[in-house]
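Dear colleague,

I am handing over the structure we spoke about, and below it I have written out what was found. Please read the text with the structure open beside you.

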Amino acid sequence: MPFVKGVTPKGAKPFRKGQSGNPAGKPKMPDLKEAMARALGEQAKDGTTALDQIIEALRRKAAQGDVKAAELLLARGFGKPRESVDITSGGEKIATPPIVWVDAKGGE
């Protein structure tokens, strides 16, 4: 039987008005921050945490000249520096053209 708007097919069990088709709702996802904190906070045999080991490994790589490791350490430790964009031309500001509104009938 083809679909006809407004007609309920025989044997169908539509939802009652105001009733959800999924009363329990979407299942909750595990808290990723909490899981990461738990995993990185676990202590190794030498008494350091996984986070300490990661930071130390990044520090060693940065000290050996790994620019990406240095950028990551500095950005996470002190925040990323703001990037500015110069929208000038030879030191002069670029003039923006005036905006002219035109209605649908062709008049201004």
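The surface that the protein chain exposes comes to about 11,000 Å², and 59% of this area is supplied by carbon and sulfur atoms. Please keep in mind while reading that this is a predicted model, and that the values given here are computed from it.

Burial is the other side of the same topic: of the 108 residues of the protein chain, 3% count as buried, where buried means a relative accessible area under 20%. The overall dimensions can be read alongside that figure, since a compact globule of 108 residues would have a radius of gyration near 13 Å, whereas the protein chain has 30 Å. Along its principal axes, the C-alpha trace spans about 70 × 60 × 25 Å.

As for secondary structure, the protein chain has three helices and two strands, and these follow one another along the sequence in the pattern α-α-α-β-β.

Two residues in the segment before helix H1, which covers residues 32-41, may help you to find your way around that part of the model. Proline 14 is one of them, and it counts as exposed because its relative accessibility is 57%, the cut-off for exposed being over 50%. Its C-alpha atom is separated by 68 Å from that of glycine 91, a residue that lies 77 residues away along the chain. Asparagine 22 also has its place before helix H1, but with a relative accessibility of 45% it counts as partly exposed, because that class takes in the values between the limits for buried and exposed. Between the C-alpha atoms of asparagine 22 and lysine 61 there is a separation of 51 Å, and the two residues are 39 apart along the chain.

Which residues line the largest pocket? The lining is made up of Leu40, Leu51, Ile54, Ile55, Leu58, Leu72, Leu73, Arg76 and Gly77, and the volume of this pocket is about 180 Å³. Helix H2 (50-63) and helix H3 (67-78) each contribute at least two residues to that lining, so you may like to start from these two helices when you look for the pocket in the viewer.

Finally, there are the charges: the protein chain carries 19 positive and 13 negative side chains, and a distance of 17 Å lies between the centres of the two sets.

With best wishes

Technical notes:
Residues are numbered from 1 along each chain as its sequence is written. This is a predicted model: local features need pLDDT of at least 70, side-chain atom pairs count only at pLDDT 80 or more; totals for chains, interfaces and linings use all residues. Side-chain values use heavy atoms; hydrogens and water are left out. Helices (H or I, at least four residues) and strands (E, at least two) are DSSP runs, numbered from the N terminus. The radius of gyration is taken over C-alpha atoms; the globule rule is 2.2 Å times the number of residues to the power 0.38. Buried means under 20% relative accessible area, exposed over 50%, partly exposed in between (1.4 Å probe, protein chains only). Accessible areas come from the Shrake-Rupley method with a 1.4 Å probe; for residues, only the protein chains shown count as cover. Lys and Arg count as positive and Asp and Glu as negative; His and the chain ends are not counted. The place of a charge is taken as NZ of Lys, CZ of Arg, CG of Asp or CD of Glu. On a 1 Å grid over the protein atoms alone, a cavity is a set of points where a 1.4 Å probe fits but cannot get out, and a pocket is an open set with protein on both sides within 12 Å along at least five of seven lines; lining residues have an atom within 4 Å of a point. Grid points are joined across faces, edges and corners, and a volume is the space filled by probe spheres set on the points.
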